[in-house]
Amino acid sequence: MSRRAKTLAVPPAAASAVFSMPPEQRSELLRAWYLALLERLGPSRWWPGESPFEVAVGAVLVQNTAWRNVEKALASLKAKKALDPASLLRMPEAELHEALRPSGYFRLKAGRLRNLLAYFAEHAGWDKAPGNLALSFLKRKSTERLRRELLAVKGIGAETADAVLLYALDRPSFVVDAYTRRIFSRHGLVPPDIAYEDLREFFMRALPEDRALYNEYHALIVRLGNAFCLKSRPRCAECPLGVFMDHAPL
Ligand code: SF4
């Protein structure tokens, strides 16, 4: 962040004061932001993926990297006709590493992917079509239970678990990330070091439990963070949320 941006950032005391804003007021504000983003950026149609399984794989691979790198890894798996649970479980480790290499941290991600696959294989059940895991089998479980189970999978953190829940399993679980923290803290709505679960609660307590709304809201936040709310040079003057800055633009 630039020196000027640092100087103008809302101090933590002010941030926590706004965080205690009554839920109705917060709900109104979050809806106004959502509408402003949607109007300016248009619908996101997330998450890219030909199947819920592909979306779940993408959610693991996108950890600490840009989506374009994930696309290369997914394309490599598709070229090998291996983007299905049975093929991935069978694939020799070295070959899986090579396919995932473009997404970075490929050894770590291969292990995490296998852990998630093992969870699906145990809990989701196999479909009639060979190689297909029927993720719909997970429908019998409540969202809270699924989230607890996903969080218990080694290497699956809260952001990945929520992305799998929301985008692969169609569950209303709000996803927050570094962009969310940056944008909302720059506006003084949350402290800059707010914990993941608190930030998620910030949204889930103020918004209706609506899968489509959560899906689009997170997607818009990521697009905003990528195009306007840059880490070191936020483009407040052109930003769709510029009108909501109650102090000088950063
Ligand atoms: S106006 Fe936009 S760019 Fe500026 S801090 Fe807010 S979200 Fe970031």
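This passage describes the fold, helix packing, backbone features and ligand shell of one chain.

The model is predicted: local features need pLDDT of at least 70, side-chain atom pairs count only at pLDDT 80 or more, and totals for chains, interfaces and linings use all residues. Residues are numbered from 1 along each chain as its sequence is written.

The secondary structure comprises 13 helices and 0 strands. Helices (H or I, at least four residues) and strands (E, at least two) are DSSP runs, numbered from the N terminus. From the N terminus on, the order of elements is α-α-α-α-α-α-α-α-α-α-α-α-α. The chain has 250 residues, of which 32% are buried. A residue is buried if 20 or more other C-beta atoms lie within 10 Å of its own, exposed if 12 or fewer, and partly exposed in between; C-beta atoms are placed from the backbone. Contacts were also sorted by separation along the chain. Two residues are in contact if their C-beta atoms, placed from the backbone, lie within 7 Å. Among contacts between residues at least 6 apart in sequence, 65% join residues at least 24 apart.

Helix H7 spans residues 93-100, and its buried residues are Leu-96, Ala-99 and Leu-100. Seen down the axis of H7, these buried residues fall within an arc of 90 degrees, so they line one face of the helix. The arc is that of the directions from the helix axis to the C-beta atoms. An α-helix has 3.6 residues a turn, so residues three or four places apart point the same way. The buried residues of H7 pack against three helices: H4 (52-61), H5 (67-79) and H8 (106-123).

H4 and H8 also pack against each other. Two packed helices are described by the angle between their axes and the distance between the axes. For H4 and H8, the angle is about 145 degrees and the axes are 9 Å apart. Axes are lines fitted to C-alpha atoms, for helices over the stretch in contact, and angles run from 0 to 180 degrees between N-to-C directions. The crossing of H4 and H8 is right-handed. A crossing is left-handed if the near helix is turned anticlockwise from the far one by less than a right angle, and right-handed if clockwise. H4 contributes Ala-56, Val-57, Val-60 and Leu-61 to the contact, and H8 contributes Lys-109, Arg-112, Leu-113 and Leu-116. By class, the residues of this contact are 6 nonpolar, no polar and 2 charged. Ala, Val, Leu, Ile, Met, Phe, Trp, Tyr, Cys and Pro count as nonpolar, Asp, Glu, Lys and Arg as charged, and the others, Gly among them, as polar.

Several backbone features stand out. Most residues other than glycine have a negative phi, and most peptide bonds are trans. Trp-46 and Trp-47 are joined by a cis peptide bond, with omega about 0 degrees. Trp-47 lies in the loop between helix H3 (23-41) and H4. Lys-81 is not a glycine, but its phi is positive, near 50 degrees. Lys-81 sits in the loop between H5 and helix H6 (85-90). Lys-81 counts as exposed because it has 9 C-beta neighbours inside 10 Å. Tyr-105 also is not a glycine, and its phi is positive at about 45 degrees. Tyr-105 belongs to the loop between H7 and H8. With 15 C-beta neighbours inside 10 Å, Tyr-105 counts as partly exposed.

Tyr-167 lies in helix H10. Tyr-167 is buried because 25 other C-beta atoms lie within 10 Å. Leaving aside residues up to four places away in sequence, Tyr-167 touches Trp-46, Trp-47, Val-55, Ala-59 and Asn-215. Tyr-167 and Arg-211 are 44 residues apart in sequence, yet 9.0 Å apart in space, C-alpha to C-alpha. Asp-170 is found in the loop between H10 (158-168) and helix H11 (178-186). The C-alpha atoms of Asp-170 and Asn-215 are 9.0 Å apart, with their positions 45 residues apart in sequence.

In H11, Thr-180, Ile-183, Phe-184, Ser-185 and Arg-186 are buried. Just after H11, Gly-188 has a positive phi of about 75 degrees. Arg-186 also appears among the closest residues to the ligand, together with Cys-229, Pro-234, Cys-236 and Cys-239. In total, 14 residues surround the ligand. A residue is near a molecule or strand if its C-beta atom, placed from the backbone, lies within 6 Å of it. The shell around the ligand has 10 nonpolar, 2 polar and 2 charged residues.
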